[in-house]
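Student: I should like to learn how to read charged pairs and strands in a structural model. Could we work through one together?

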Amino acid sequence: MAVQTVQVDLPAEIFDVEVNIPLIHQVVVAQQAAARQGTHATKTRGEVRGGGRKPYKQKGTGRARQGSTRAPQFAGGGTVHGPQPRSYDQRTPKKMKAAALRGALSDRARNGRVHVVDGLVQGEKPSTKAALASLVSLTDRVGYLVVLERSDAITWLSLRNAPEVHIVAVDQLNTYDVLNSDDVVFTKGAYDVFVGGASAATATTAEVTEETAAAEQATDEPAVPAGAKAPLKSGKNPKGYDVLGQESGVYLLEGDAGYDTGAGDFWFKSAEDAEAAGLTRSDEKETDQ
């Protein structure tokens with residue numbers, strides 16, 4: 001049976017990004033490492049049963065001294081530096097996982113291996129034969145990754161026992177499964193959920209990045225009063241601006257104490273400009289106190 005495909009415009013920010021192979025490799029290795037149980041264990045000489053008595057006396061036998069038959073050099077003894085239970089989990093940031101998934105999907109999409117269909121099974125009863133026939137009509141390759149909504153029980157029951165098909169819920173789509181399959185098949189509902197969620201996440205990340213950059217710029221650069229100029233990158237005053245202004249609300253003239261050692265937040269042309277901006281001369285402010 002021929003399945004009805006849906007013509008969709010694959011978003012470029014998800015299905016047409018630059019493929020970063022080292023990033024994909026790191027994410028896949030981390031995913032495979034996290035799947036390891038890490039329950040392997042060997043016994044040290046202190047954990048092996050028996051061997052509590054010294055096997056023979058210390059001296060006079062002509063043999064090397066021994067304290068236990070459970071030492072590593074004896075058969076049945078403990079293991080030196082053997083594997084012990086451990087976790088193989090690697091920390092992988094969410095943004096790295098998302099970028100790797102976009103790269104894997106982009107590789108499949110560029111080669112025409114991403115398909116969106118209305119459905120794989122018609123009717124209200126599961127049918128493995130009908131579902132497989134629908135997949136075969138899409139491509140002659142035999143490794144399928146089918147992305148479904150969790151509520152799509154009919155398709156799930158139809159394909160769960162097919163060895164050439166791997167089913168994954170749309171919220172569990174991952175880089176390893178995409179790379180381990182020949183073709184990725186979305187149902188229309190799963191595609192809409194995936195694209196909607198990925199686009200929203202991308203937009204949110206962009207907004208947060210812009211807001212953070214604006215906040216950092218506002219924090220790093222003090223507000224310059226009217227009639228003043230910010231200091232040069234070297235920290236010196238711009239040409240023609242000799243009055244040193246400070247955020248503390250005071251200004252210094254050449255010859256004042258601290259003029260040569262103080263840091264200028266902004267510079268004025270004249271004392272009148274500094275006072276018009278609401279600043280007072282440093283020594284005058286000390287006198288008022």
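Tutor: Certainly. A search of this whole structure, which is a predicted model, finds six salt bridges.

Student: What is the general idea behind such a pair?

Tutor: Side chains of opposite charge can pair when their charged atoms come close. One case here is the salt bridge in which the side chains of Arg-110 and Asp-16 meet, at 3.3 Å from N to O. This pair links distant parts of the chain, 94 residues apart: Arg-110 belongs to helix α3 (residues 94–110), while Asp-16 sits in the loop between α1 (12–15) and α2 (21–34).

Student: Is Arg-110 buried or exposed?

Tutor: Neither label applies: Arg-110 has 45% relative accessibility and therefore counts as partly exposed, the range between under 20% for buried and over 50% for exposed. Asp-16, with a relative accessible area of 48%, is partly exposed.

Student: Which residue forms a salt bridge with Arg-281?

Tutor: The partner of Arg-281 is Asp-256, and their closest N and O atoms are 2.8 Å apart. Arg-281 lies in strand β9 (residues 280–281) and Asp-256 in the loop between β7 (250–252) and β8 (266–268), so the salt bridge ties together parts that are 25 residues apart in sequence. Arg-281 is partly exposed at 23% relative accessible area, whereas Asp-256 is buried at 16%.

Student: Where is Arg-108 placed, and which side chain does Arg-108 meet in a salt bridge?

Tutor: Arg-108 is in helix α3, and its side chain meets that of Asp-107 at 2.9 Å, N to O. Asp-107 is partly exposed, at 28% relative accessibility. Arg-108 counts as buried because its relative accessibility is 10%, and buried means under 20%. Leaving aside neighbours within four places in sequence, the contacts of Arg-108 include Arg-113, Val-114, Val-178, Leu-179 and Val-184.

Student: Val-114 brings us to strands. How should one read the directions of their side chains?

Tutor: In a regular strand the side chains alternate between the two faces of the sheet. In strand β1 (residues 114–117), Val-114 and Val-116 point one way, and His-115 and Val-117 point the other way. All four of these residues are buried.

Student: How many bridges join β1 to strand β4?

Tutor: Four bridges join them, and β1 and β4 (residues 183–187) run parallel. Within this pairing, Val-114 stands opposite Val-184 in β4. Both Val-114 and Val-184 are also among the contacts of Arg-108 in the list just discussed.

How values were computed:
Residues numbered from 1 in each chain as written. Predicted model: local features only at pLDDT ≥ 70, side-chain atom pairs only at ≥ 80, totals over all residues. Heavy atoms only, no water. Buried < 20%, exposed > 50% of the residue type's maximum accessible area, 1.4 Å probe, protein only. Helix = DSSP H or I, 4+ residues; strand = E, 2+ residues; numbered from the N terminus. Pairing = 2+ DSSP bridges. Salt bridge = Lys/Arg side-chain N within 4 Å of Asp/Glu carboxyl O. Contact = heavy atoms within 4.5 Å.
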